[in-house]
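Reader: I have a model open and would like to go through the labels one by one. Could you tell me what stands behind each of them?

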Amino acid sequence: MAWRKLLLVSCFSAAVLLALLQEGTGASVGTSQVARQEAQEGVEQKIFMQESDASNFLKKRGKRSPKSREEVNAENRQKLWADELRREYHEEQRNEYENFVEEQNDEQEERSREAIEQWRQWHYDGLYPSYLYNRHHI
């Protein structure tokens, strides 16, 4: 009986506490809207550039004008880096495949060696070295 009273009191106190918290957050809505507007203005300032910076950015180089030496070097470095990554990847794949093939060949050799050994044991006629392998053809 006592645990029922304790459970009822704890549930009632939790309900009262939740009701008070909801009323407290409802009163602070006005300040959060102002804060959101200020944050949005800060984001807009980060996204958009000044007019002078934007025009200089677009005037930097036309489509048909030749690339500067720095641009060419940067593009070549990126191509070389991509080629290096591609070469390392294919080398790693080739090494993995070679290891796999080597393991398969080793397993096959071991199986055939075991089969030959079993055949020799089955056909052994008591003579050593066995008669079948030391026949002299006249």
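Reader: Let's start with arginine 87 and glutamate 91: what separates them in helix H4?

Author: About one helical turn, because arginine 87 and glutamate 91 are four residues apart in helix H4. Bear in mind that this is a predicted model.

Reader: What makes the contact between arginine 87 and glutamate 91 a salt bridge?

Author: The N to O distance is 3.0 Å, and the cut-off is within 4 Å, so the pair qualifies as a salt bridge. Arginine 87 and glutamate 91 also belong to a network of salt bridges with Glu84.

Reader: Why are arginine 87 and glutamate 91 called partly exposed?

Author: Arginine 87 has 43% relative accessibility and glutamate 91 has 31%. Buried means under 20% and exposed means over 50%, so values in between are called partly exposed.

Reader: How do you know that aspartate 83 and arginine 86 form a salt bridge?

Author: Their side chains meet at 2.8 Å, N to O, and that falls within 4 Å, so the label holds. Aspartate 83 and arginine 86 are three residues apart in helix H4, so about one helical turn separates them. Aspartate 83 is partly exposed at 40%, and arginine 86 is partly exposed at 45%.

Reader: And what makes lysine 67 and glutamate 75 a salt bridge?

Author: Same kind of reasoning. The N to O distance between their side chains is 2.9 Å, so the pair meets the cut-off of within 4 Å. Lysine 67 is partly exposed, with 40% relative accessibility, and so is glutamate 75, with 31%. As a rule, side chains of opposite charge can pair when their charged atoms come close.

Reader: How many salt bridges does the structure hold?

Author: Four.

Reader: On to the surface: why is leucine 20 called exposed?

Author: Its relative accessible area is 53%, and exposed means over 50%, so leucine 20 earns the word. Leucine 20 is found in helix H1, residues 2-27.

Reader: Which residues form the nonpolar patch on the surface?

Author: Phe12, Val16 and Leu20. Together they offer about 320 Å² of accessible area. Patch members need over 30% relative accessible area, so leucine 20, at 53%, passes that test.

Reader: What makes glutamate 109 fit for a patch of negative charge?

Author: Glutamate counts as negative, and glutamate 109 has 46% relative accessibility, so it clears the bar of over 30%. Glutamate 109 sits in helix H4. The patch gathers Glu98, Glu102, Glu103, Asp106, Glu107, Glu109, Glu110 and Glu114.

Reader: How much of the protein chain counts as buried?

Author: Of its 138 residues, 1%. The accessible surface of the protein chain comes to about 13,900 Å², and carbon and sulfur atoms own 57% of that.

Reader: What elements does the protein chain have?

Author: Four helices and zero strands. From the N terminus on, the order reads α-α-α-α.

Reader: Last one: which elements have the lowest and the highest mean pLDDT?

Author: Helix H2, residues 29-47, has the lowest at 65, and helix H4, residues 69-122, the highest at 94. The protein chain averages 79, with 67% of the residues scoring at least 70. Where pLDDT is low, the predicted coordinates should not be read in detail.

Terms used
Residues are numbered from 1 along each chain as its sequence is written. This is a predicted model: local features need pLDDT of at least 70, side-chain atom pairs count only at pLDDT 80 or more; totals for chains, interfaces and linings use all residues. Side-chain values use heavy atoms; hydrogens and water are left out. pLDDT is the predictor's confidence in each residue, from 0 to 100. Helices (H or I, at least four residues) and strands (E, at least two) are DSSP runs, numbered from the N terminus. Patches are made of residues with over 30% relative accessible area and no salt bridge: like charges are joined within 9 Å, nonpolar side chains (Val, Leu, Ile, Met, Phe, Trp, Tyr) within 5 Å. Accessible areas come from the Shrake-Rupley method with a 1.4 Å probe; for residues, only the protein chains shown count as cover. Buried means under 20% relative accessible area, exposed over 50%, partly exposed in between (1.4 Å probe, protein chains only). The place of a charge is taken as NZ of Lys, CZ of Arg, CG of Asp or CD of Glu.
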